[in-house]
Amino acid sequence: MKLLLVDDSSTMRRIQRNVLEKIGISDIEEASDGLEAIQKLREKPFDIVLLDWNMPNLDGLSTLKKIRATEGIKSVRVVMCTSESEKTKIIEAVKCGANNYIVKPFTPEVLKEKLHDAGVL
Amino acid sequence: MKVEYVNPFITATINTFQTMLNVRLTAEKPALKTLPFPTFDVSGIIGISGDALGSIALSFPRLVALRVVTKILGTTVKIIGPEVSDAVGELTNIVAGNAKKDLGDLHISISLPNVIIGKQHQISNPRGAQSFIVPFKCELGGLALDICLKTE
């Protein structure tokens with residue numbers, strides 16, 4: 001299981017990495033914005049992307065749209081992991097191809113459950 | 001600014017600290033911000049646009065900021081630096097993002113967080129924009145939420 005963790009906050013990446021490692025996902029790479037994420041996805045295959053929404057350079061939704069429109073990477077599973085909590089935002093992300101959606105702040109149990117729902121665990 | 005817009009931010013702050021730090025915050029009574037403005041050492045600020053214009057700020061005294069970031073990262077943080085800046089910015093981002101869903105018909109967008117680090121700084125708001133201050137207490141010390149929303 002290879003996971004790409006995309007978040008501009010190093011704090012959040014650290015918290016999420018700790019939780020992921022506790023639930024048995026240790027093959028993790030990190031990206032701090034959408035541009036870096038797209039580049040990493042083009043370089044090697046990943047099973048899942050955990051994607052923040054509000055980021056500089058290329059935000060999460062634009063990154064998701066780009067992933068879904070790019071041959072070779074468009075079938076990777078994407079779980080949005082963001083503080084954007086409005087229903088309209090969640091619907092928008094799902095319409096653009098998100099496999100699941102996690103609202104920050106989250107507990108380790110919620111992250112595990114959402115990854116399971118997305119077919120990862 | 002309607003007082004009812006303050007509550008979603010209070011709830012989001014309490015929820016964020018409970019979930020991310022396992023720390024229970026107690027909110028004191030919100031008050032209109034008046035001169036002399038309260039001073040803090042570290043503040044995360046998020047700009048708000050859309051149906052309302054303004055900002056929210058989550059502000060800490062230096063020692064409380066260090067304790068909060070130590071708790072969130074699980075390692076001792078002794079200096080106010082990039083780790084504190086990133087964590088305070090992210091906490092503020094999560095509070096603002098969470099409050100959005102409970103603002104009823106008020107649809108807002110939030111900016112990326114900015115973090116101000118400076119001993120005993122004040123946060124001023126645009127002329128004519130009312131700001132509410134909500135002090136919080138917890139086992140790590142005191143902090144405050146500054147909510148400034150200007151609606152038509």
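What percentage of the 121 residues in chain A is buried? Keep that in mind while colouring the model, which is a predicted one.

**Stop 1: chain A**

Select chain A and show it as a cartoon. Buried residues make up 54% of its 121 residues. The chain holds five helices and five strands, and from the N terminus the order is β-α-β-α-β-α-β-α-β-α. Its C-alpha trace spans about 35 × 30 × 25 Å along the principal axes. The radius of gyration of chain A is 13 Å, which agrees with the value near 14 Å for a compact globule of 121 residues.

Switch to a contact view of chain A. Of the contacts with a separation of 6 or more, 59% are between residues 24 or more positions apart. Now put on a surface: chain A exposes about 5,400 Å², with carbon and sulfur atoms supplying 48%. Colouring by charge picks out 19 positive and 19 negative side chains, and the centres of these two sets lie 2 Å apart.

**Stop 2: Gln16(A)**

Select residues 10-22 of chain A, which form helix α1, and pick Gln16(A) within it. Is Gln16(A) buried or exposed? Its relative accessibility is 1%, so Gln16(A) counts as buried, the cut-off being under 20%. Beyond its neighbours within four places in sequence, Gln16(A) is in contact with Leu5(A), Asp7(A), Leu50(A), Cys81(A) and Phe106(A). Add Glu30(A) for a distance check: Gln16(A) and Glu30(A) are 14 residues apart in sequence, and their C-alpha atoms are 11 Å apart in space.

**Stop 3: chain B**

Hide chain A and select chain B. Its secondary structure consists of three helices and eight strands, arranged along the sequence as α-β-β-β-β-α-α-β-β-β-β. The radius of gyration is 14 Å against 15 Å from the globule rule for 152 residues, so chain B is as compact as a globular protein of that length. Its C-alpha trace spans about 45 × 30 × 30 Å along the principal axes.

Of the 152 residues in chain B, 51% count as buried. Contacts between residues at least 6 apart in sequence join residues at least 24 apart in 69% of cases. The exposed area of chain B is about 7,200 Å², 52% of it from carbon and sulfur atoms. Chain B carries 14 positive and 12 negative side chains, with the centres of the two sets 8 Å apart.

**Stop 4: the interface**

Show both chains again. Here 21 residues of chain B are in contact with 21 residues of chain A. The area buried between the two chains is about 1,700 Å², and carbon and sulfur atoms give 53% of it. Finish by selecting Asp86(B), Glu90(B) and Leu112(B): they supply 27% of the area that chain B buries against chain A, more than any other three residues.

How values were computed. Residues are numbered from 1 along each chain as its sequence is written. Chains are lettered from A and ligands numbered from 1 in the order in which they are written. This is a predicted model: local features need pLDDT of at least 70, side-chain atom pairs count only at pLDDT 80 or more; totals for chains, interfaces and linings use all residues. Side-chain values use heavy atoms; hydrogens and water are left out. Helices (H or I, at least four residues) and strands (E, at least two) are DSSP runs, numbered from the N terminus. The radius of gyration is taken over C-alpha atoms; the globule rule is 2.2 Å times the number of residues to the power 0.38. Buried means under 20% relative accessible area, exposed over 50%, partly exposed in between (1.4 Å probe, protein chains only). Contact means heavy atoms within 4.5 Å. Accessible areas come from the Shrake-Rupley method with a 1.4 Å probe; for residues, only the protein chains shown count as cover. Lys and Arg count as positive and Asp and Glu as negative; His and the chain ends are not counted. The place of a charge is taken as NZ of Lys, CZ of Arg, CG of Asp or CD of Glu. Buried area is the accessible area (1.4 Å probe) that two parts lose on being put together, summed over both.
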